Amino acid sequence: MEDVKALTEKLLDTQKNAASVMTAEEIKKADAYSEGYKDFLFRCKTERECVSFAEKAAQANGFVPFDKSKKYAPGDKVYFVNRAKAIVLCIIGKNSLTEGVKIVAAHIDSPRVDLKQNPLYEDNELAYFKTHYYGGIKKYQWTARPLSLHGVVMLKNGEKVEVNIGEDEGDPRFVISDLLPHLARNQMSKKANEVVTGEELNILIGSRPFKSDEGSELVKLNVMSILNEKYGMTNSDFLTAELEAVPAGTVDDIGFDRSMIGGYGHDDRVCSYPALTAMFECENPDNTVLCVLTDKEEIGSEGNTGLKSAYMAYFIADLARMQGIQAHDILSKSECLSADVNAAFDPTFAGVYEKNNASFINKGIVMTKYTGAGGKSGTSDASAEFVSKMRTLFDSNGVIWQAGELGKVDEGGGGTVAKYIANLDVDVVDVGVPVLSMHAPYEVISKIDLFMAHKAFEAFFKS
Ligand code: MN
Ligand code: MN
């Protein structure tokens, strides 16, 4: 009779914490890799900043701007920037494009608080910006914390001015005020989604009036005069601006053991960065490989920089024309890892998870067969065959991975870009890093899981 311990190990293969199965050397590698990511996460707090980082890194790694009239040879590295908010990197493979391409797609937009088009106002001698939040946030989490301002202003003369204020030491910061508990009896009895309303997310930006004996709204005037001096803008230039308020501050190691990273915007820069670094590890791939860093996922992949638009398919059509074939001949044979985060099991809020099917911090990257809500509505649901192919790939390349779905059935739900890529007749499955406090101004991930994302994407590109 076989002993129960051996049989259990063989048949019930439960997953251990990655830190207890990895070698000390590999854990060291994961920690070292994380330092590069921390720097990226601190410097890239908007989709535009991510694109500019990715473009510079691509150039440094031998990528050149894609020219659709040119013919490229195997090993050539090209990139294409879509309206400063999305980027596609591509390395031409040795195989014909009729073999399909391998895509890793991640999004670089994160939940935040955007300025309205006419944001500046004064109320009781305090100056504020009106805002309109972007993506799924708990609004109350955004008050009483330091904020920075990032984005662009298009001046009347067509000049583009870049804004990034509140990150550097010595920079001023901004804040949304909250009600003191002493006077919050009414507020505290409201439902969480009404505690702070959208129209109460007003950012405090100044309090000193312009020195003058006449005129009104002198605090507003004073702020505008500072902005004019610094950026050359007038009030109407806000109409042609995109300014995003995000949490100001650092990216930090979390825990006495420094095993985790806390910061703003892990979703989904924690998958975007490994997608980039995996691309840079790839030389002369067999199949053509694509890294797509896209915008607007947090609001449903809308617009011409989101993946509901045709920009990625057009890029592939341009590649197809180069080899005298049709785009669908490539797409139908292509494979994609939709690189996006999943909710890590949180013991404090265990009730919303179904433990047998949740993802956990330090158990590696999570493969999510389907997302969606209710009766699997709104998911592309990867096939068992494709999931199996990825399982074999990960297992044979030392990638520690786990399976996971977002939470309990009917507890809520969410989606990714996977279904829009599946619509192009591409095989696709979600693979990403588990996150604690997802969509909060300060999210937490594990360094080991991050490193496994890099290893997974590298193995995929090289397969
Ligand atoms: Mn995401
Ligand atoms: Mn998200």
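His439 is buried in this predicted model, with a relative accessible area of 18%. That value counts as buried because the cut-off is under 20% relative accessible area. His439 sits in the loop between strand E22 (434-435) and strand E23 (443-446), and its NE2 atom is one of the donors of the manganese ion (ligand 2).

Asp267 and Glu298 also coordinate that ion. Along the chain, the donors of the manganese ion (ligand 2) follow the spacing D-x30-E-x140-H. Asp267 belongs to helix H8 (residues 266-280), 172 residues apart from His439, so the pair links distant parts of the chain. Asp267 is buried too, with a relative accessible area of 3%.

Here are the two sites, laid out for easy reading:

| Ion | Protein donors | Distance range |
|---|---|---|
| manganese ion (ligand 1) | His107 (NE2), Asp267 (OD), Asp340 (OD) and Asp340 (OD) | 2.1 to 2.8 Å |
| manganese ion (ligand 2) | Asp267 (OD), Glu298 (OE), Glu298 (OE) and His439 (NE2) | 2.0 to 2.6 Å |

Which residue bridges the two manganese ions? Asp267 coordinates both, and the ions lie 3.4 Å apart.

Turning to the other site, the donors of the manganese ion (ligand 1) show the spacing H-x159-D-x72-D along the chain. This site also joins distant parts of the chain: His107 lies in strand E4 (residues 101-107), while Asp340 is in the loop between strand E15 (335-339) and strand E16 (342-343), 233 residues apart. Both His107 and Asp340 are buried.

Notes: Residues numbered from 1 in each chain as written. Chains lettered and ligands numbered in written order. Predicted model: local features only at pLDDT ≥ 70, side-chain atom pairs only at ≥ 80, totals over all residues. Heavy atoms only, no water. Donors = N, O, S within 2.8 Å, 3.2 Å for Na, K, Ca; no water. Helix = DSSP H or I, 4+ residues; strand = E, 2+ residues; numbered from the N terminus. Buried < 20%, exposed > 50% of the residue type's maximum accessible area, 1.4 Å probe, protein only.
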